[in-house]
Amino acid sequence: MAGLLDFSVGLLLAMMSKDLYDQAACKDMDTDMFFKTVYELEIEGIPIKTLRRVCAGCPIRVECTEYAFQHEQYGTWGALTQEERILIRANNWANKSLTRLSRELSELGINIAEIIAMSRLKPQFYSSGLHRDRGNKNV
């Protein structure tokens, strides 16, 4: 996991200026927890709301969320898990978890309409060999 984490943080730094990254609320945290599934977090007794609170108070949350929709397939970025980004991008609002997500984000002061707009950014995933190929030969 450290290789993937180092690669993702490296990409984030490449996409943003160091000054911007230095403002990230998670920059001095053990960011491994941001790359665990919700299930793994639950096993460790870490509610996803803990990560959402960190992201909600982050001055670069918007940039981080944009980055995730364009470049990052794994992990929690800008208060959204990988699964949530997939559902939002698919515009699957019939899914009850998205209704719950919308409510949770609203309680944290995060505008869901802003996130929906970001979800329309074109993905630009890198083929680094570190991301698992899920049947898509263009990843």
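A residue counts as buried when its relative accessible area is under 20%. Glu84 has a relative accessible area of 12% and is therefore buried. The structure in which this holds is a predicted model, and Glu84 serves here as the point of entry into it.

Glu84 is found in helix α6. Leaving aside residues up to four places away in sequence, Glu84 touches Arg52, Ala79, Leu98 and Leu101. The side chain of Glu84 also reaches a backbone atom, the nitrogen of Thr81, at 2.8 Å.

Among the contacts of Glu84, Arg52 leads to the charged pairs. General chemistry gives the background: side chains of opposite charge can pair when their charged atoms come close. Glu84 and Arg52 form a salt bridge through their side chains, with an N to O distance of 2.5 Å. This pair links distant parts of the chain, for Glu84 is in helix α6 and Arg52 is in helix α4 (residues 48–56), 32 residues apart. Arg52 counts as buried because its relative accessibility is 3%.

A second salt bridge of Arg52 is made with the side chain of Glu104, at 2.9 Å from N to O. Here too distant parts of the chain are linked: Glu104 belongs to helix α7 and Arg52 to helix α4, 52 residues apart. Both Glu104 and Arg52 are buried. Arg52, Glu84 and Glu104 are thus joined in a network of salt bridges.

The count for the model comes to 5 salt bridges. One of them brings together the side chains of Lys27 and Asp28, at 3.0 Å from N to O. Lys27 has a relative accessibility of 32% and so counts as partly exposed. Asp28 is exposed, because its relative accessible area is 66%.

The nonpolar residues form the next part of the picture. In soluble globular proteins, nonpolar side chains tend to be buried together. In this model the largest nonpolar core has 25 residues, and those with the most contacts inside it are Leu80, Ile88, Leu105 and Ile115. Helices α4, α5, α6, α7 and α8 each supply at least two residues of this core.

Helix α8 (residues 112–119) shows how a helix can be arranged against its surroundings. Its buried residues are Ile112, Ile115, Ile116, Met118 and Ser119. These residues lie on the same side of α8, because they cover an arc of only 160 degrees around the axis. The periodicity of the helix supplies the background: an α-helix has 3.6 residues a turn, so residues three or four places apart point the same way. The cover over the buried residues of α8 includes α5 (61–71), α6 (82–89) and α7 (96–107). At the N-terminal end of α8, Asn111 acts as a cap, with a side-chain oxygen 2.8 Å from the backbone nitrogen of Ala113.

Aromatic rings provide a further set of links. The whole structure contains 2 aromatic pairs. In one of them, Phe35 and Trp77 have ring centres 5.8 Å apart and ring planes at 90 degrees, so the pair is edge-to-face. Phe35 lies in the loop between α2 and α3 and Trp77 in the loop between α5 and α6, so this pair ties together parts that are 42 residues apart in sequence. Phe35 and Trp77 are both buried.

Trp77 also pairs with Tyr67. The ring centres of Tyr67 and Trp77 are 4.9 Å apart and the planes stand at 45 degrees, so this pair is tilted. It links distant parts of the chain, with Tyr67 in helix α5 and Trp77 in the loop between α5 and α6, 10 residues apart. Tyr67 is buried, as is Trp77. Through these ring pairs, Phe35, Tyr67 and Trp77 are linked into a cluster.

The loop between α2 (18–21) and α3 (38–43) also holds Lys36. Lys36 has a relative accessibility of 24% and therefore counts as partly exposed. Apart from residues up to four places away in sequence, Lys36 touches Leu41 and Glu44. The side chains of Lys36 and Glu44 are joined by a polar contact of 2.6 Å. The C-alpha atom of Lys36 is separated by 6.3 Å from that of Gly75, although the two residues are 39 residues apart along the chain.

Conventions:
Residues numbered from 1 in each chain as written. Predicted model: local features only at pLDDT ≥ 70, side-chain atom pairs only at ≥ 80, totals over all residues. Heavy atoms only, no water. Helix = DSSP H or I, 4+ residues; strand = E, 2+ residues; numbered from the N terminus. Buried < 20%, exposed > 50% of the residue type's maximum accessible area, 1.4 Å probe, protein only. Contact = heavy atoms within 4.5 Å. Polar contact = N/O pair within 3.5 Å; in protein donor to acceptor, adjacent residues only side chain to side chain. Arc of directions from axis to C-beta. Phe/Tyr/Trp six-rings, centres within 6.5 Å; stacked < 30°, edge-to-face > 60°. Salt bridge = Lys/Arg side-chain N within 4 Å of Asp/Glu carboxyl O. Core = buried A, V, L, I, M, F, W, Y, C linked by side-chain atoms within 4.5 Å.
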